[in-house]
Structures are given as C-alpha cells and as structure tokens.
Amino acid sequence: MNRKLFVIVGILALCVVIALPGPASAQQKKRFFGIATGGIGGAYYPVGGALAQALTNTIPDMVVTAQTGNASVANVNLIARGEVESGISQNNVALAAYVGDKEQWKTPQVKGLRCITALFPETVHLVALAKSGIKSLYDYKGKRIIVGDKGSGTEMDVRRFVEAVGMTYKDFEPIYVYYAAAVQRMQDEQADALFWTAGIPISNIIEIATTKDVVFLPFPDDIIKKLHDKYPYYAPVTIPAKSYPKQNSPVKTVAIVCLWVTRAEVDEKAIYDVTTHLWEKKPMLYREQKDLASGAEIMAAAHEQGKNVKLENAFLGVTVPLHKGAYRYYKEKGIQVPAALIPPEAK
C-alpha cells in the first residue's frame with residue numbers, strides 16, 4: 001500500500017470510528033482547555049505537553065491542548081486577551097503584569113491574572129564560547145550576547161542582570177533570538193555568549209555544549225545578593241556539576257519559579273477540575289488497564305523538571321492570587337492558603 005493510499009484509508013477509518021454510536025459518556029459535549037507553553041528546546045514545551053496529555057487522559061469531558069509559543073510574556077498577553085485559558089509564566093513576569101509595573105511590563109496591566117499552582121524552578125544559565133575569552137559576566141562588554149526574544153521572560157531578566165553589574169544594552173550587542181535560532185548562532189559563532197532562563201536540563205544548551213567548546217559562567221556572589229535583595233524572587237541556586245557536557249564544576253546562579261496561570265474570568269469548574277486532576281490519582285481513560293495516575297506523576301515521568309511539580313510546593317514563589325477554582329480545591333483539602341493568595345473574588 002503506497003503512502004497516499006495509507007493516509008486515505010486511515011482518515012476513512014477514523015471517520016467510521018467517530019460516526020459509530022458509543023456510550024453516553026463518550027458522546028457528551030467536550031470542553032476545550034488550552035495551555036500556552038514555550039518553544040521546542042525549553043522546559044515549558046515538554047512539561048506543558050505532558051500536563052495537557054495527562055489532563056485529557058483523566059478528565060472524561062475535557063480536551064486539553066498545549067500550544068507552543070514565546071513563553072512567559074507572550075503567554076500572559078494571550079491569557080489577558082482571552083485567546084487561551086491558561087499558560088506557563090515566570091513568577092516575576094506574572095507579578096509585573098498583575099501590578100502593571102511600567103518599567104518591566106509594556107502592555108496593559110492584567111489585574112485579572114490568577115494562579116493555579118507553582119510548577120518548577122527556572123535557573124538562569126550563562127554560557128559562553130570558550131574562544132570568546134569571556135571569563136565572567138563583566139566580560140560581556142563589547143561582545144555579541146543572546147538575550148532571548150524581545151519581550152520574553154529571559155529578556156526581562158537580562159535587563160535586570162546587566163543593570164546589576166553596571167551595564168546597559170549599549171555596552172554589548174544584544175541578539176534577540178531563542179531556542180533553535182540561539183543554538184544556530186552559537187554553533188556558527190555568530191554570538192559569543194547567551195543568557196537563558198529555564199528548567200534544568202535545557203536540551204538546546206546540551207546541543208550547544210555537545211558541539212562547541214563552552215564555559216558555564218557563575219554569577220558573582222555580590223550580584224546574587226544584590227539581585228535577591230532588590231527582587232526576592234531571584235533565589236540563589238547552584239547548577240550541579242555534570243548537568244551539561246563540559247560543565248565539570250557546580251555553577252552558582254539564581255533561579256525563579258514558573259507558574260501555571262490563568263485569568264479570573266475562566267470558568268471556575270474548569271479550573272477546579274484541572275487542579276483536582278493535577279494532584280489526585282484518577283483512572284487513565286485511554287489505557288486498557290485504567291491505571292490510576294495524577295497529572296503531576298505523568299509530568300514527572302515526562303521531564304526532569306516534572307519531578308519538581310509537587311503539592312507541597314504549590315504556593316512556592318507564587319506572586320499573584322489564586323484562581324477561585326484552584327482556591328476552592330486547596331480549601332476543600334484543608335490546605336492553608338496564604339492571605340495574599342486568596343482571590344479577591346472569594347473575599
């Protein structure tokens with residue numbers, strides 16, 4: 001059977017399956033729920049994809065889809081415009097949008113931004129080509145530096161980092177690319193170094209370190225303290241040795257937490273349901289054995305950062321109020337919700 005005929009037969013078979021009558025539960029109206037993630041190569045994409053698959057596989061009347069995108073800033077704007085129900089965002093980006101920080105947030109304030117849960121820490125990576133001669137963050141002057149897409153969460157971070165060391169974008173050549181394009185620039189030696197904020201391990205950095213001689217740069221201790229004092233959500237962390245090829249020693253840096261966010265107007269039952277199925281074991285509908293699993297467990301099996309998605313960390317680094325549906329779930333479970341995270345709608 002040639003490929004074209006195979007595709008046609010497959011489509012016809014699918015149509016027949018859809019047309020066949022089934023049990024009432026299979027015929028009920030489906031709810032659709034979107035999760036805006038990030039580009040291929042970062043942690044948002046595989047973790048968000050695993051979450052969407054897990055929820056679709058455990059909520060009988062819901063289809064959850066993961067959408068690729070430009071991550072934090074873009075995701076919050078999509079949510080604000082009502083173009084997607086939820087998305088993943090850095091906690092500092094979420095806070096800037098929620099309070100309308102004019103220095104960091106260039107689009108209208110998102111007063112209705114709400115959180116479902118904290119997900120996992122995102123670590124700042126500073127990686128330079130060995131031949132660039134860059135030995136520290138201060139050596140970025142006069143160099144070609146990848147800072148992330150314009151308006152991305154990484155790019156928002158970079159502006160704060162360079163300010164902390166007494167520099168501006170005028171001191172080096174900023175290159176606004178991300179993911180695959182960043183890999184290509186580094187491999188072609190059209191960039192000297194990069195900033196990258198994402199969960200360990202970042203597959204694109206593995207690719208760069210596998211194909212080029214690179215150095216992993218630590219943040220100076222005084223800069224870590226300066227950042228944490230001014231922006232408490234930048235927490236001191238260490239990238240363990242051997243996390244990446246050619247990274248033989250631990251690297252001091254900072255990290256933030258990424259959040260699963262939505263907006264206050266999204267249906268309360270939908271948010272309650274996705275929160276419930278994130279944390280609680282439910283039958284996996286499309287497996288013959290109907291194994292029990294929670295969304296968090298499925299995420300842990302799909303990506304290293306999924307292992308950090310835990311109920312005890314649900315409020316870690318959360319910078320905006322919870323959605324009313326998520327709040328209802330945590331309250332029913334007897335989990336103490338910090339006063340600052342109680343949604344205004346529930347007060």
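**Entry 1: an unusual proline**

I began with Pro 201, which I found in the loop between strand S7 (193–198) and helix H8 (203–211). The peptide bond that leads into Pro 201 from Ile 200 is cis, with omega near 0 degrees. I noted this because most peptide bonds are trans. I also reminded myself at this point that I am reading a predicted model, and that every value in these entries is computed from it.

**Entry 2: positive phi angles**

Staying with the backbone, I next looked for residues other than glycine that have a positive phi, since most such residues have a negative one. Glu 189 turned up with a positive phi of about 60 degrees, and its place is the loop between helix H7 (180–187) and S7. Lys 242 has a phi near 70 degrees, again positive in a residue that is not glycine, and I located Lys 242 in the loop between S9 and S10.

Are these residues buried or exposed? Glu 189 has a relative accessible area of 28%, so it is partly exposed. Lys 242 has a relative accessible area of 60%, so I wrote it down as exposed.

**Entry 3: the chain as a whole**

I then stepped back to look at the protein chain, in which I found 12 helices and 12 strands. The radius of gyration is 22 Å, close to the 20 Å that the globule rule gives for 347 residues, so the chain is as compact as a globular protein of that length. Taken along the principal axes, the C-alpha atoms fill a box of roughly 65 × 65 × 35 Å.

Of the 347 residues, 51% count as buried. I also looked up how far apart in sequence the touching residues are: among contacts between residues at least 6 apart, 72% join residues at least 24 apart.

**Entry 4: salt bridges**

How many salt bridges does a search of the whole structure find? The search gives 17, and I followed up three of them.

The side chains of Arg 31 and Asp 273 meet in a salt bridge, with a distance of 2.8 Å from N to O. This pair links distant parts of the chain, for Arg 31 is in strand S1 (residues 31–36) and Asp 273 is in helix H10 (residues 268–279), 242 residues apart. Asp 273 has a relative accessible area of 9%, so I entered it as buried.

Glu 304 and Lys 307 form another salt bridge, in which the closest N and O atoms are 3.2 Å apart. Both partners are partly exposed: the relative accessible area is 43% for Glu 304 and 45% for Lys 307.

The third pair I followed is Arg 328 with Glu 332, where the closest N and O atoms are 3.6 Å apart. Because these two residues are 4 residues apart in helix H12 (residues 324–332), about one helical turn separates them. Arg 328 is partly exposed at 29% relative accessible area, and Glu 332 is partly exposed at 49%.

After these pairs I checked for shared partners, and found that salt bridges join Arg 31, Asp 61, Lys 269 and Asp 273 into one network.

**Entry 5: the largest pocket**

My next search was for empty space, which is revealed by rolling a probe the size of a water molecule over the atoms. The largest pocket holds about 350 Å³ of space. It is lined by 15 residues, and those nearest its centre are Glu 103, Gln 104, Lys 106, Glu 155 and Arg 159. The elements that give two or more residues to this lining are helix H4 (72–80) and helix H6 (153–164), and H6 gives the most, with 4 residues.

What classes of residue make up the lining of the largest pocket? I listed 4 nonpolar, 5 polar and 6 charged residues.

**Entry 6: the second largest pocket**

The second largest pocket holds about 180 Å³ of space. Its lining has 15 residues, of which Phe 120, Pro 121, Ile 256, Val 257 and Leu 316 lie nearest the centre. Strand S4 (113–129), strand S9 (235–239) and strand S10 (251–263) are the elements that give two or more residues to the lining, with S4 giving the most, at 4 residues.

By class, I recorded 12 nonpolar and 3 polar residues in the lining of the second largest pocket, and no charged ones. For the largest pocket, by contrast, my list above includes 6 charged residues.

Notes. Residues are numbered from 1 along each chain as its sequence is written. This is a predicted model: local features need pLDDT of at least 70, side-chain atom pairs count only at pLDDT 80 or more; totals for chains, interfaces and linings use all residues. Side-chain values use heavy atoms; hydrogens and water are left out. On a 1 Å grid over the protein atoms alone, a cavity is a set of points where a 1.4 Å probe fits but cannot get out, and a pocket is an open set with protein on both sides within 12 Å along at least five of seven lines; lining residues have an atom within 4 Å of a point. Grid points are joined across faces, edges and corners, and a volume is the space filled by probe spheres set on the points. Ala, Val, Leu, Ile, Met, Phe, Trp, Tyr, Cys and Pro count as nonpolar, Asp, Glu, Lys and Arg as charged, and the others, Gly among them, as polar. Buried means under 20% relative accessible area, exposed over 50%, partly exposed in between (1.4 Å probe, protein chains only). A salt bridge is a side-chain nitrogen of Lys or Arg within 4 Å of a carboxyl oxygen of Asp or Glu. The radius of gyration is taken over C-alpha atoms; the globule rule is 2.2 Å times the number of residues to the power 0.38. Contact means heavy atoms within 4.5 Å.
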